[in-house]
Amino acid sequence: MSLPAWRAALRIARREAWRSKGRSLLIVLMVALPVFAASAAVITYRSQQLDTGERLTRVLGRADALVWDLGVGGRPVTQDPADGSDNRVSIDAWETPGLSGAGTGVPGTAAEPAPPDVRATIPAGSTVLTRASGTVAIRTAYGLTSTLLNEFDYAAPIARGVVDQTGGRAPRTADEVAVTDKLLDAGGLKIGGKVTELATGKVFTIVGTVELPDELDARQAFTMPGAVLDRAVADPQSELRTEYFVDAPPGAYRWEHVRKLNETGIVATSREAAAQDPPDSEVPYRAEAYEDTFGEFTLAVTVVVIGMALLEVVLLAGPAFAVGARRRRRDLGLVGVAGGDRRHIRTIVLADGVVLGVVAGILGTTLGAAAAWLMRDWFGETSGKRLGHFDARPTELLAVALLGLVIGVVAAWVPAFLAARENVVDSLTGRRGVRHGSKALPITGAALGAVGLGLAYHGARVAPSDAVLLTGCVLAELGLIACCPMLLGAAGRLGRFLPLTPRLALRDAARNRPRTAPAVAAVMAAIAGAVSVTAYWAGTEHDEREQYRQFARKGQVAVLLDGSGQRVDALRRAVEETLPVTGEGLVRGFGHSCPEAQQECLSVRVVVPPPNECPLYARSAPSTQQPTPAQIAAARKDPRCADPLSSHAGFGLPVGDAELVRRITGADDGRIADALRTGAVVFDKSLLHDGKVTVEISTGHAVEADPAAFETAAVPEEPPPPRTITVPGVYVDPPGDAYTTAVLGEEAARATGVAVTDLQLLYDTTEMPGEAAEQRARDAVSALGSASLSIERGYQGRPSTQILLLATATIVVALGAAGVATGLALADSRRDLATLGAVGAPPRVRRTLSAAQSWVIALIGTGLGVVVGLLPAAALRWKEAEIHESYRKSAIEHGEFMNIPDVREIPVIVPWAEMGLAVVLVPLLAAAVAALFTRSRELNRTRTG
């Protein structure tokens, strides 16, 4: 086509768009939607990717370097040049000669190296600001909670940018503190109020609130250096970290200097090292890093999902252009009469896509940029991290705007091709003619679907290949889209069994397949994307739930006891008066620790009997000898090695009756009471052999009471060998997790010859306690010398708002697709509606017919979407399974036999509830919206025009 012809076509398209404002606006909004989303996403993504200066300001403030001891006993470490927190202990660190237990996997006799002196490495003439941090307990308005306390003068010029002041002012004395907004809300605090550090009793005045730009959800407190941590964190087991902000002379922290620090276990985040960007050959950390194949695969799947979303828009916009071309049949026919050929008619319809695509691109990009600006704070709060500068890159936005033009042209291509093939006489007389659907299309679609499924399975299971797997997913979905016209024809034949209105809707959908099939495919694509995300989320949630280990049943309150028997009654009163608890509470039995006054103690535990022991874990097997490959292969087939004994007995071996078993595990079995009269109940089959349970009594040394004293004492004599007794037992399969391996009866406990002690308080609750109640209970328990109160809230999962947003987006997109299709159907069937009115149909027929049409389109599209949407989610899960299997093989090759039975299954989880809800709810909502927005009084039209 020549340039003058295109100019004329564009003028015609512009005038037609202005004349048919409603249809034009509908197309513009449909095409602008992905442009809007893409432009907002691109700007937000770029704004979240902090540049080097912004990132270093949040970490270093205005300092040149942040330096700290990694706490690995002076062993060599490797790190990323741009970020000292991205590090790992060097691969050869544990094999270094002279280090304790090097190369043996067992404790050695050589002394551990002294930790490095970080201050001694700081160059002379530097300005230094320290930040010490440690976890402490503080008393709030509600009670007691723990927080990370930072002794850090964040208002100093060298630290500007690390912490942002949101209210009040920064602390100026050792008696003042600033807290994060999250801690202020959680503790019921306010500026000007008081908080008390529990260990020292020091009272702080809250003078301000702050936020950490990269951790908006953090619950932390800030005070001046030397305020309390040196006295509050006196326990050597507690982690106290000290970092140094250094304003050093130029050249002091280049990459070569940072690597020298790494050799002594010190890491640093340095502006100079980050600016150098050394090659991989000079960065050992990159050579040791694992390739993120799953991240790349996830990105590829995301691209496929986005591509399907764009296809959805094309499928929706295409029928709109087709309806416009059909409404202009006479005008296009006159072009043919005036001498225009098919190319001219095709160009006129394509020009509609160009004009509306350009308008949609400009509108979508503008609105997307505005939304990205307005949603900056909301996105930061949601992601827990403040965005950087507003990073709108013109070249990227231009590419996104051109996306609207591409979508418009692609959507108009098929209607332009069909309009060009229209007979001129039929166009002028208004006759539609009879069009038969392509017989090859459904066959091709079915073949594509079958090939796609085969490729997806082959690329996931037979010969793992990301490209083959993703190709299979795309082909399967395209094949199902190609089958939509055939499925509509089959659905139309079911209309004979339905009442009048749904019968008309089904037959109209089947008769006008070029209009209806793309709408059904668009609904399918929308639902499929949402189902993919939901199914993958369900799988990852299943994994997290399986890995989560509760210390008690959900809703229970536990307080660990020291076994001395003191303060038990007072602790019980403290818990019972502050929390909604029920039951006896006290659990007695055999604990893991020894009283502080003893250097020797007795341990009682249920052990696996020798016939049930896995050869790799047998007590007689040498602990330092790696098994041979043949032994490992045999162990993988040995059912005794399938699931090693769980170390879930977090509070020892309980002794009691059937009520205690019910309280601990929830099991209610008639055999429990009889078994506990003379023996034991076990919750692991490997503990039971020939109806007997083996109980081991061993002697150990209490080193944890005073480690320093124990190190200087003489080496104790070899303890006597353990002795065992056997008692009758039964296996009970608890309804959930078992939080102990076994429960002994009173008679079996006496047979051990060891006195039982108080293990813990364990209560059921009438309702889940809130955070304020938990803080009050912690305060009351802490006042009695114990701070071990815990409330089992169960697996919390991901925020429910994510699922709500996903469901909302799914419903909006699907309803939009169904609504567009219904509107086009009504616009295209005005003559049929006029005929119904002429033969006496009541006005409500129009409303009910539009509702039925929308319901049919949404139901068929949703049903197909929930099926095809499972494939991308399954692909991701299959990829995870492949990665975990590779880890298993690597562990075997390296002799890490302890990891072999610990590789979890990666099942594909089908979210039946969410899918069923979508199939029922989305079509009903689509029908309701269509009925609500359809006028019932437009029936009395003449059949002309």
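In which helix does Phe36 lie? Phe36 lies in helix α2. The legends below start from the whole chain and then turn to this helix and other sites. The model is predicted.

**Figure 1. Overview of the predicted protein chain.** The chain is built from 32 helices and 24 strands. It holds 945 residues, and buried residues make up 45% of them. Contacts between residues at least 6 apart in sequence were sorted by separation. Of these contacts, 81% join residues at least 24 apart. The chain exposes about 47000 Å². Carbon and sulfur atoms supply 58% of that exposed area.

**Figure 2. A nonpolar surface patch made by residues including Phe36.** The patch covers about 530 Å². Its members are Leu25, Leu29, Leu33, Phe36, Leu363 and Leu367. Two helices, α2 (21-48) and α12 (342-374), each supply at least two of the patch residues. Helix α2 gives the most, with four residues. Phe36 has 32% relative accessibility, so this residue counts as partly exposed.

**Figure 3. The largest nonpolar core.** This core has 27 residues. Those with the most contacts inside it are Cys484, Leu488, Val520, Ile527, Val856, Ile860 and Leu864. Five helices are shown: α18 (484-492), α19 (500-511), α20 (513-547), α30 (844-868) and α32 (912-932). Each of these helices supplies at least two residues of the core. Helix α20 provides the largest share, nine residues. Another core, of 24 residues, lies apart from this one. Tyr154, Ile158, Val162 and Phe245 are among the residues of that other core. In soluble globular proteins, nonpolar side chains tend to be buried together.

**Figure 4. A salt bridge between Glu396 and Arg46.** The two side chains meet at 2.6 Å, N to O. Glu396 lies in helix α14 (residues 394-421) and Arg46 in helix α2, so the pair ties together parts that are 350 residues apart in sequence. Arg46 has a relative accessible area of 22% and is partly exposed. Helix α2 is also the helix that gives the most to the nonpolar patch of Figure 2. The salt bridge count comes to 23.

**Figure 5. A salt bridge within helix α24.** The side chains of Arg677 and Asp674 meet at 2.2 Å, N to O. Why are Arg677 and Asp674 separated by about one helical turn? They are three residues apart in helix α24 (residues 670-678), which accounts for that separation. Arg677 is exposed, at 54% relative accessibility. Asp674 is partly exposed, with a relative accessible area of 46%. Elsewhere, salt bridges that share partners join Arg131, Arg241 and Glu243 into one network.

**Figure 6. The salt bridge of Glu256 and Arg254.** The closest N and O atoms of this pair are 3.0 Å apart. Glu256 is partly exposed, at 37% relative accessibility. Arg254 is partly exposed too, with a relative accessible area of 33%.

**Figure 7. The surroundings of Ser270 in strand β12.** The strand spans residues 266-270. Is Ser270 buried or exposed? Ser270 has 0% relative accessibility, so this residue counts as buried. A polar atom of the Ser270 side chain lies 2.5 Å from the backbone oxygen of Tyr253. A polar atom of that side chain also lies 3.2 Å from the backbone nitrogen of Glu272. Leaving aside residues up to four places away in sequence, Ser270 touches Asp64, Ala65, Pro81, Tyr253 and Val258. Tyr253 thus appears both in this list of contacts and as the backbone oxygen partner of the serine side chain.

**Figure 8. Pro610 in a loop.** The loop runs between β16 (600-607) and α22 (629-637). At 55% relative accessibility, Pro610 counts as exposed. How many residues apart in sequence are Pro610 and Thr694? They are 84 residues apart in sequence. In space, their C-alpha atoms are 9.5 Å apart.

Methods
Residues are numbered from 1 along each chain as its sequence is written. This is a predicted model: local features need pLDDT of at least 70, side-chain atom pairs count only at pLDDT 80 or more; totals for chains, interfaces and linings use all residues. Side-chain values use heavy atoms; hydrogens and water are left out. Buried means under 20% relative accessible area, exposed over 50%, partly exposed in between (1.4 Å probe, protein chains only). A polar contact is a pair of N or O atoms within 3.5 Å; within protein, one must be able to donate a hydrogen and the other to accept it, and residues adjacent in sequence count only if both atoms are side-chain atoms. Contact means heavy atoms within 4.5 Å. Accessible areas come from the Shrake-Rupley method with a 1.4 Å probe; for residues, only the protein chains shown count as cover. Patches are made of residues with over 30% relative accessible area and no salt bridge: like charges are joined within 9 Å, nonpolar side chains (Val, Leu, Ile, Met, Phe, Trp, Tyr) within 5 Å. A salt bridge is a side-chain nitrogen of Lys or Arg within 4 Å of a carboxyl oxygen of Asp or Glu. A nonpolar core is a set of buried Ala, Val, Leu, Ile, Met, Phe, Trp, Tyr and Cys residues joined through side-chain atoms within 4.5 Å.
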